[in-house]
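Below is a short round of questions and answers on one protein model. Keep the sequence and the coordinates at hand.

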Amino acid sequence: MALIDIQVPDIGDFDEVTVIELLVKPGDTVKAEQSLITVESDKASMEIPSSHAGVVKEIKVKLDDKVKQGSVVLTLEAAGADAAVAPAPAAVPAPAVQQVPAPVAAVAAAPVAAASGPVEVHVPDIGDFKDVSVIEILVKPGDSIKAEQSLITVESDKASMEIPSSAAGVLKELKVKLGDIVNIGDLLAILEGTAAPVAAVAAPAATAQPAAAAASAPVAVASVPAPVSAPAALPAHAPTVAPTGNLPHASPSVRKFARELGVPLAEVKGTGYKGRITPDDVQAFTKAVMTGAIRTEAQVAKAPAPAASGGGAGMDLLPWPKVDFSKFGPVERQPLSRIKKISGANLHRNWVMIPHVFNHDDADITELEAFRVQMNKENEKSGVKLTMLAFLIKASVAALKKFPQFNASLDGDQLVLKQYCHVAFAADTPNGLVVPVIRDADKKGVLQISQEMGELAKKARDGKLSPADMQGACFTISSLGGIGGRYFTPIINAPEVAILGVCKSQIEPVWDGKAFQPRLILPLSLSWDHRVIDGAAAARFNAYLGQILADFRRVLL
């Protein structure tokens, strides 16, 4: 048995790169060319492979470390043929890598003459990689492009890399889109302007490189400009569309693992370093889908739409009418957004399965609104704006504590009474309604609730809410106060047992025993599950909520 130091191989002209992922641990048995760590520069992320097979004895690096060529990654205990190989200082991964010329070596010394007018930018030599996916578009038509500026990011099974422009000018047209598959010589973009002198790139060597060479390929791409036009020796290649979009952060090996399992990475929440998706995240997602705890978007899309089912949605109803609307006049068809597809199926289930009952009441918020306005003036410099919805969340927390059956869920023939208090609020976005959750609202003040609401609402509008941001709610508030209306009947968000709807407040005359006084009145609409809550409890809940909003000091009791 012999101990071998595995070092960082030649990674091109990068001085130092950052360790962003550890792919093995002490005690693991690794094969030659198996990836050990993932590193990242400002241009590319790449996996560093092992030059030998053996058992990992000690890992010499940790997350966020800076490494370069020759840095020791880990120590292997090798057996058999590998045991006879002595570690060489600052060695490259394997002799076979040295037999294949790097892309940089393929550059001819003679520059191509400068060109003016429309300039075609092609995919340069990217090593022995083939059919790489476009995972990010970094520019748009009309942008001014500098020579060597990155245009797109592509990804193989081993590395992701940025493809630079071989010329400077104004981007007139982009010839690829997210998910396209590209190869060397494919047309990427058309620039208008003067191209910088660039070196001619020789045709890539046909000799296949081992996986260790993959680590150096992204660097070569970043440093070697593409020819102004495709070399005559390169065959024409039309990009083909792959069913992928803008994927979240994950190493190439994790993405390959997800593809093998058929896991949609866009739906997996990453728990790794800086939110990266780990193999454990992929496995946990797979387990959750198999147990029915969650459904993928594909499963939701394949599920029959309740309104369009031919048999009356399984309830012995008349079939949904099939109508050719175009015979009555011009029509336009628009696909439902992803959010509406998912929420529509859930809302239909909740409406059918839950026996809804509705209570409507009014709350006098005259003093509370005056206090809110005063506090916003005093805290103007803090940047946190108090909203009436934040006060409603805090008031609802007090009501949920007084009436714990509202902070519950049905589980078969058992009632689960929750000892925590997470309150959700409906947020309107361009793609549909989403429901982010304020966690532990009972432990937070109104200012902190307002701040978190603002952050979650921004994430919702930007489409960046994670599944964790929308899970675990005990009670939901749906507010139409900024729009209008008087009362409405919101649908309960299962497995919750109640939801509060709020409309726009308005000044109304209220009799005080002697005269009518102008008071600011807030309409309240409470929907509740009659399997858990009865009418008397619902009436008391609404009345108590109105008392708190009329005199917010009751929250302290």
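Q: In which strand is the place of Thr429?
A: This is a predicted model. Strands are numbered from the N terminus. Thr429 has its place in strand E24.

Q: Is Thr429 buried or exposed?
A: The cut-off for buried is under 20% relative accessible area. Thr429 has a relative accessible area of 9%, so Thr429 is buried.

Q: Which residues is Thr429 in contact with, leaving aside its neighbours within four places in sequence?
A: Contact needs heavy atoms within 4.5 Å. Leaving aside those sequence neighbours, the partners of Thr429 are Ile339, Val434, Ala460 and Arg461.

Q: Which element gives the most to the lining of the second largest pocket?
A: This pocket has a volume of about 850 Å³. Of the 30 residues that line it, the closest to its centre are Thr387, Leu389, Ser479, Gly481 and Gly482. Helices H7 (366-378), H8 (388-402) and H9 (446-461) and strands E24 (427-429) and E27 (475-479) each supply at least two lining residues. With five residues, the one that gives the most is H9.

Q: How many residues of the lining of the second largest pocket are nonpolar?
A: The lining divides into three classes. Six residues are charged and eight are polar. The nonpolar count is 16.

Q: Which element gives the most to the largest nonpolar core?
A: The largest nonpolar core has 52 residues. Those with the most contacts inside it include Phe406, Ile477, Leu500 and Phe541. Elements that each supply at least two residues include H7, H9, strand E28 (498-502), strand E30 (516-529) and helix H10 (535-550). With 11 residues, the one that gives the most is H8.

Q: Which residues of the 498-502 strand, E28, does Ile477 touch?
A: Residues up to four places away in sequence are not counted. Ile477 then touches Leu389, Leu392, Ile393 and Ser396, along with Val423, Ala424, Phe425 and Ala426. E28 spans 498-502. The residues in that range are Leu500 and Val502.

Q: How many residues are in the second, separate core?
A: This core includes Val39, Val119, Val134 and Ala159. Its count is 42 residues.

Q: Which strands stand at the edges of the open sheet of four strands?
A: The order is E1-E8-E6-E3, with antiparallel pairing. An edge strand has a single partner strand, so one side is left without a neighbour in the sheet. The edge strands are E1 (2-7) and E3 (29-30).

Q: Which residue of E8 does Gln7 stand opposite?
A: Six bridges join E1 to E8 (residues 72-78), and the two run antiparallel. Opposite Gln7, in E8, stands Val72.

Methods. Residues numbered from 1 in each chain as written. Predicted model: local features only at pLDDT ≥ 70, side-chain atom pairs only at ≥ 80, totals over all residues. Heavy atoms only, no water. 1 Å grid on protein atoms, 1.4 Å probe; cavity = no way out; pocket = protein on both sides within 12 Å on 5 of 7 lines; lining within 4 Å. Points joined across faces, edges and corners; volume = space filled by probe spheres on them. Nonpolar A, V, L, I, M, F, W, Y, C, P; charged D, E, K, R; others polar. Pairing = 2+ DSSP bridges. Buried < 20%, exposed > 50% of the residue type's maximum accessible area, 1.4 Å probe, protein only. Core = buried A, V, L, I, M, F, W, Y, C linked by side-chain atoms within 4.5 Å.
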